[in-house]
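Visitor: I'm new to protein structures, and I would like a close look at a single part. Could you pick one strand, show me what lies beside it, and then follow its links outward?

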Amino acid sequence: MKRVVVIGGGWAGCAAAISAKKAGADVTILERTDMLLGLGNVGGIMRNNGRFTATEENILLGGRELFELTDKYSRHKNIDFPGHKHASLYDVTLIESVVRKKILDMDIKIFFNSRVVDVKMENKKIRAVILENQNELEGDSFIETTGSTGPMGNCLKYGNGCSMCILRCPSFGGRVSITKKCGIEDIIGQRKDGTYGAFSGSIKLNKESLSKEIREKLNKEGIAIIPLPKEEINEGKLDIKVCQQYALDEFAKNIVLLDTGHAKLMTPFYPLEKLRKIKGFENVKFEDPYSAGIGNSIRYLSIAPRDNNMKVIGVDNLFVAGEKSGFFVGHTEASTTKMQYIGKFRRGV
Ligand SMILES: Cc1cc2nc3c(=O)[nH]c(=O)nc-3n(C[C@H](O)[C@H](O)[C@H](O)COP(=O)(O)OP(=O)(O)OC[C@H]3O[C@@H](n4cnc5c(N)ncnc54)[C@H](O)[C@@H]3O)c2cc1C
């Protein structure tokens, strides 16, 4: 049986692992933190605009497992917000544990607290990956799904500092570019002004810290739009966002909140003092990232050159998916990039 090692257990890693398992491989996920889903533990927006079609296509093409879970654990379905139609919002407080159960039920091995720090190469193939504790894991094929965020030093250099985001680099260690360890140069995204990387585009507020009125509206309708006073509008923040689909005027002129279990505020950061001056936000507290008053995580710092079969150019048995494989921005995109593997493994590569 082919041994497939997936490095990184975000949405892309989970989807790739499921696809490889269904194609008959022996699959192991190595995840540096103590949770699956990576950035998927924040976020939650699914099925908005073209993602609706992408989701249906995934389901019809055989990649239904994860989409069934995000549908089942949606707090709200078929909601509209500026520029976006028929979105659903999965519950970010529940989704990790149900995905974990699904993966384990499928007999996929997961090793947590297992940060890959290096590779052992033989000719143009990876023979084994090396973990932080110096253990080695051999495999026939490797799939890198480490995302494009972090380590912490990058958030300091290209952002407003480590914002203590869901990835928790100070505790678990930063991400490592496996392709770079194989001698392949990363492709790096740039902002309009040429600075490297892009800011994550939303922050999570503790819902309980909002006024009763806003909380009730969020729980009932899934969305609350609060117009900002003129002096609070800052259109400049739109240019630094990863998610340009949310870089619309409406997101600068209003506070747009979505109910994902937390209250998701569609802006990269918001000074706490200013936010607390707005009616209903007097006691507000950030949930993720903790330093959302000044900064957010920086993404797009590490993309691999690859072919259309998602194979890394220059390494014969290394594939990529999710943010590592292109300037993709979402859960749906991360979960979709795995589809190529089904064909690959069936052909015995
Ligand atoms: C604040 C925020 C809000 C978002 N909101 C939405 C939204 O509402 N809807 C949407 O569609 N998208 C949203 N996104 C984007 C979406 O979350 C990401 O595009 C997607 O989840 C990326 O998945 P991934 O698996 O490619 O990478 P990641 O989620 O970054 O996963 C990478 C995983 O690899 C692990 N890892 C890294 N290095 C190593 C290593 N050396 N060894 C072992 N493991 C390693 C990490 O710990 C992590 O678990 C949001 C992102 C953020 C930050």
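Guide: Let's begin with Val 5, which stands opposite Phe 142 in strand S10. Val 5 belongs to strand S1, residues 3–7, and S1 runs parallel to S10, joined to it by four bridges. Strands (E, at least two residues) and helices (H or I, at least four) are DSSP runs numbered from the N terminus, and two strands pair if DSSP finds at least two bridges between them.

Before we go on, a word about the model: it is predicted, so local features need pLDDT of at least 70 and side-chain atom pairs count only at pLDDT 80 or more, while totals for chains, interfaces and linings use all residues. Residues are numbered from 1 along each chain as its sequence is written, and side-chain values use heavy atoms, with hydrogens and water left out.

Back to our strand. Four of the five residues of S1 are buried, so the strand is largely enclosed by the rest of the structure. Here buried means under 20% relative accessible area, exposed means over 50%, and partly exposed is in between (1.4 Å probe, protein chains only). In a regular strand, side chains alternate between the two faces of the sheet.

S1 has another partner: strand S2 (residues 26–30) pairs with S1 in the parallel sense over five bridges. In this pairing, Arg 3 is opposite Asp 26 of S2. To get from S1 to S2, the chain passes through helix H1 (residues 11–22), making a right-handed β-α-β crossover. Right-handed means that, with the strands pointing away from the viewer, the path from the first strand over the helix to the second runs clockwise.

Now for the charged side chains. A salt bridge is a side-chain nitrogen of Lys or Arg within 4 Å of a carboxyl oxygen of Asp or Glu, and the structure holds 27 of them. One of these joins Lys 212 to Glu 216, with 3.2 Å between the closest N and O atoms. Because the two residues are four apart in helix H8 (residues 212–221), about one helical turn separates them. Lys 212 is exposed at 54% relative accessibility, and Glu 216 is partly exposed at 45%. Our strand's Arg 3 takes part in a network, where salt bridges with shared partners connect it with Glu 122, Arg 127, Glu 138 and Asp 140.

S10 has a link of its own: Glu 144 forms a salt bridge with Lys 324, at 3.5 Å between the closest N and O atoms. This pair links distant parts of the chain, 180 residues apart, since Glu 144 sits in S10 (residues 141–144) and Lys 324 in the loop between strand S18 (318–320) and helix H11 (331–336). Both Lys 324 and Glu 144 are buried.

H1 and H11 bring us to the ligand. Near it (a heavy atom within 4 Å) are 38 residues, the closest being Glu 31, Leu 39, Lys 264, Glu 323 and His 331. Polar contacts here are pairs of N or O atoms within 3.5 Å. A polar side-chain atom of Arg 32 is 2.9 Å from a ligand oxygen, and a polar backbone atom of Leu 39 is 2.8 Å from a ligand oxygen. The protein covers 98% of the 1000 Å² of accessible area that the ligand has on its own, by the Shrake-Rupley method with a 1.4 Å probe. The elements giving two or more residues to the shell around the ligand are H1 and H11.

Methods:
A polar contact is a pair of N or O atoms within 3.5 Å; within protein, one must be able to donate a hydrogen and the other to accept it, and residues adjacent in sequence count only if both atoms are side-chain atoms.
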